[in-house]
Each structure stands twice: as C-alpha cells, then as structure tokens.
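Take a walk through this model, from single residues to cores and pockets. Keep the structure open and select each residue as it comes up.

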Amino acid sequence: MSASRSSGTTDALGPEEGPEGERGEPLEGTAIPGSELLAALLDGMDAALCAFDADGTVTHWNREAERILGWSADEAVGRPGFAGWAVRRADADEVQGRLMAVMDGPGRQVHEFALLRKDGGRVLVRTQSAGVRGADGKPAGVYCAFSEVHAQIDLERAIALSEALFEDASWGVVLVDVDLRPTVVNAHAARALGGGRTTLLGRPLGELIVQGVEDLEGALQHVLVSGAPPGPAELWVTLRTADGDRRRCWRSGFLRLASPLAEEPVPLGVGWLFQDITEAKLAAQDADRVRFRSNQLHRASRSAAECEDPMEAATGSLDYALAGFADHALIDLVVGERLVRAAATPSDAPGPCLPVSGGGIPLRYVPGHPAVQAVDRTGSVRASAGAGTAPAAGEWAAERQWPSDSVHALCVVLRSRGRTLGVVTFLRSANRAAFERPDAVYAESMADRVAASVDLHQALRPGNPGNPGNSGTPGV
C-alpha cells in the first residue's frame, strides 16, 4: 500500500458498525473503504497530485507525480515541503510560500515552477493549487495538481485548435457520428449546408443534399471501417436551399475519430473537412472546354483544306463540331423561299454527317420553327422541349422533323458574302444540358466554316441554288 493510501482517511460508519455489519457477519457487496477508494482515484488521475497539511508537510503523492519527478510516495509523504529534494534550496521558500498562500484565499491559483527530478534533472511544471478546509471550516491544507509545461501547452494547443476549427476556420468542419448524422458543425459548414449550427445537428444528410449524398455517405462509411483515405476527394453535390437547388463541388478530407480513453480504438465518428471549390472547378472546366473546342475548330479547318469537294468539307466540319457538343447535326439550305434538307447525321444512331439521298424536296416546317426563325432573324435560335414525359418530347421533335430523341436544339444561320445560305441545326438528347450562350458562340464559329464551304460548293456548280440568278434543287 502506498503512503497515499495510508493517509488517515476513514469511512463514515455508524457508531457501532464495522465493515462486517451490526452482527460481525460478512456482508455481500460491502462498500469499498474510503481510504482505498481515495487511493485508487488519486493513482488513476492523469495529472500529478500532491497535498500538504496546514504545516506544509506532504500528505498525498500519486503515481503520476512519481512518474514526472521520480520520487515514490514512500519517499515523498511526510517530508516538510519541497526544500532540498523536489526544489532547490535557494528557491524552496518562494515556492513553498506561493503554494501555501492559497490556503487562506478563495479559488485556485496557477503557477509555474522548476522542480527537481530524483535523478537531478529539472522539469518545468504548471501547477494549480487550492486550499482545503476542515470540518470546522478552518484552513486544513493545500492540494496541488501539476503537469509538465510542454504537456500542458500541447493540451492547450489542441483545445485552441479545436475551438478555432469550430469558430473561425475558413473551411467547413463537421463531426459525424457512427449513424452518419452531424453532431458538431462549424459556422463555415453551416453556411455551406444552408442551415444553422444547431438546426443541422442530428439530421440525416439526405435531408440537406438532394444529389450526391450516396457518394458522401459512402466515403464516411469507408472511413469508419477502413480509416482515412490517402488524399482529399472531390464530391459534387446538389443542395436543397430556400432559393432552390444549388450544385456545388467540395474538396473533402476525412478523419476517423476514436476515443483516447478506451484500451482499444472505439470509433466515435468521422471528422469531415471540406472546401467549396465550385468556382475554381467550373473555371477549369470552362478552360478545358474552350481549349478542346479551339482544337476542334483548328482540326476542322485543316481537314476542310484537304477536301476536293467543298460540300464534303462542310459535312466534315460538322463531324468535328459534334464531338462532345451535340448528338445530331442537320444542314438545311435556302431554295427560293423554302428550306431543303441537304445533309444530316443518322437519326437512329451516331454517325457522320452525310448528304441526304433524294434531296431537293422542300421541308414542311411549321410556322415558328426554330430554323425558320434563325433565317428570318439572321441569327441563332435556341429551343428546348421543356419539362415533360419522353412521349411528349418525342412529339415535340417529330413536329419539327427532327430525330425523336431530340430535346434541345440550336439553329445557326449560314451566312457568306452577305447572303443567307441556310441553317445548320445542332440537336441534343435528354442526357445533355440545354444549349447556352457559350455553346451558341462555338456553333456560330463552326457555322462560318460550313457556310464558306457551302458557298464555294454553290459557286463551283452553276446549277445549284445560291448562285445568283439560279433556282432549283441543291446539288449535294
């Protein structure tokens, strides 16, 4: 039994009772004696602890104090203060005075001292001391908890880091429990998720994320089972907000959280850190798209220069334009006051743009057809089937004499030498997004090349329409 266990602490027993009960018979479940419980509590503490009586004599000394300074409880308990063994004699009076001064005052005091180890080395410790009062309310002594300064500083840094992450961090931090529900959310993450720091707690992620929640939950499950991935992951999600759905890209890192108090790692959840990189990601995608399209325009020009037949150059240019841009392309040329289909890609499967067989029959476009509008406006026209069922979209395409899977259309007028030669139509199916203004700019650039080839084709074949003074079917 260590000296801290023989410190005079007794159980609060009845006047005639002992540990064996009133009749001296052993009792099952007899309470642990107070001195044993106190000794176990002291020795199990993570902090070093010692205590002094009112005269400054050491009365308690736990195992953590022995670990830090090397002095055992048997060697420490009963000594009159620290002088000569745990503190240099030159510093002993000052240290003892500062420790014992708290006995007559309220609250705790924090000090830093250089104590001596048993092997002669010195260690800087941070102490918290407070007075102890007896049953009569008078000062009875002082207890002092201490730890090595570097360990205390490490702890304070860890706490400060935690506080900073959950208050001032410029990236989102979310702690998720094993049920994949947020338990702590910092201010940045709350703004990104579109809620408050408290309103988001305990809610399933699926209530916050419309699309992409499966990927996020899969990543969290993987971390719980296998640990953190080697690098950050980029996750695209669609958030449900008061202003509608928003699509965002988050660069995310994950950490598995385990309890430091358990003998074996017990998962507490996952720490999820993320940054919103949507703007940078979209900018990079736009740059890649512009670079690819510029390369396609260059390749189309080089390919057209090698074609003997200008119409072949026109259709070949459209083949380059279709890559990653659209599913179908059509060329309608002006014949008199009507449009005639001159070339098209297959309507039922991917394929090259080729001249149509039996061309020359005017198209029966309905009033307000996007191709007719493009000719009338001498500009580009965008159109979409809008939201609806697949049969409705098929009817929309059939009315406009387009392939049945067409949902989005972009009609670009063909102009050369100040004349309107026709219209080139790009079509997208439902698995692609609608055409936007940057798409129209690219299509117009490609249409300029197609128009130049069509104009050359008409100029070299006097019988073709488009030649001044000629009328008839297009020679394709």
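**A walk through the model**

Thr378 is partly exposed, because its relative accessibility is 40%. The cut-offs on either side are under 20% for buried and over 50% for exposed. This is a predicted model. Thr378 sits in the loop between α10 (370-377) and β15 (381-384). Its backbone deserves a look: phi is positive, about 55°, although Thr378 is not a glycine. Most residues other than glycine have a negative phi.

Arg417 also has a positive phi, near 50°, and is likewise a residue other than glycine. Find Arg417 in the loop between β16 and β17. Is Arg417 buried or exposed? Its relative accessibility is 58%, so Arg417 counts as exposed.

Now zoom out to the whole chain. The chain holds twelve helices and 17 strands. There are 476 residues, and 39% of them are buried. Take the contacts with a separation of 6 or more: 51% of them join residues 24 or more positions apart. The accessible surface is about 25,700 Å². Carbon and sulfur atoms own 52% of that surface.

Next, the interior. The largest nonpolar core has 30 residues. Which of them touch the most other members? They are Leu318, Phe325, Ile331, Leu410, Leu414, Val424 and Phe426. Several elements give two or more residues to this core. The helices are α8 (278-305), α9 (310-322) and α12 (437-460). The strands are β12 (328-335), β13 (338-344), β16 (408-416) and β17 (419-428). The largest share, eight residues, comes from α12.

Phe426 is a good place to stop in this core. Set aside its neighbours within four places in sequence. Phe426 then contacts Leu318, Ala321, Leu322, Phe325, Ala326, His328 and Ala329, among others. Its contacts also include His408, Ala409 and Leu410. Phe435 and Ala443 are on the list too.

A second core of 28 residues is separate from this one. Its members include Cys50, Trp71, Val123 and Phe146. Keep Phe146 selected for the cavity and the second pocket below.

Leu205 shows how a loop residue can be covered. It lies in the loop between α6 (187-193) and β8 (209-211). Leu205 is buried, because its relative accessibility is 1%. Beyond its neighbours within four places in sequence, Leu205 contacts Leu180, Pro182, Val213, Leu216, Glu217 and Leu220. Leu205 and Val176 are 29 residues apart in sequence, with 9.8 Å between their C-alpha atoms.

Now turn to enclosed space. How many cavities of 30 Å³ or more are there? The count is one. The largest cavity has a volume of about 30 Å³. Its lining is made of Phe82, Leu99, Phe113, Leu115, Val125, Thr127, Cys144 and Phe146. Three strands, β3 (108-116), β4 (122-133) and β5 (139-148), give two or more residues each to that lining. By class, seven lining residues are nonpolar, one is polar and none is charged.

Open space comes next. The largest pocket contains about 510 Å³. It is lined by 19 residues. Arg289, Arg293, Arg428, Glu436 and Asp439 are the closest to its centre. Both α8 and α12 supply at least two lining residues. The largest share, six residues, belongs to α8. The lining of the largest pocket divides into eight nonpolar, four polar and seven charged residues.

The second largest pocket holds about 240 Å³. Of its 15 lining residues, Asp46, Ala47, Phe146, Ser147 and Gln152 are the closest to the centre. The elements with two or more residues in this lining are α2 (63-69), β4, β5 and α5 (149-165). With four residues, β5 gives the most. Here the lining has six nonpolar, four polar and five charged residues.

Finally, return to Phe146. It is included in the second core. It also lines the largest cavity. And it is among the residues closest to the centre of the second largest pocket.

Key: Residues numbered from 1 in each chain as written. Predicted model: local features only at pLDDT ≥ 70, side-chain atom pairs only at ≥ 80, totals over all residues. Heavy atoms only, no water. Core = buried A, V, L, I, M, F, W, Y, C linked by side-chain atoms within 4.5 Å. Buried < 20%, exposed > 50% of the residue type's maximum accessible area, 1.4 Å probe, protein only. Contact = heavy atoms within 4.5 Å. Areas by Shrake-Rupley, 256 points an atom, 1.4 Å probe, with all protein chains shown as cover. 1 Å grid on protein atoms, 1.4 Å probe; cavity = no way out; pocket = protein on both sides within 12 Å on 5 of 7 lines; lining within 4 Å. Points joined across faces, edges and corners; volume = space filled by probe spheres on them. Nonpolar A, V, L, I, M, F, W, Y, C, P; charged D, E, K, R; others polar.
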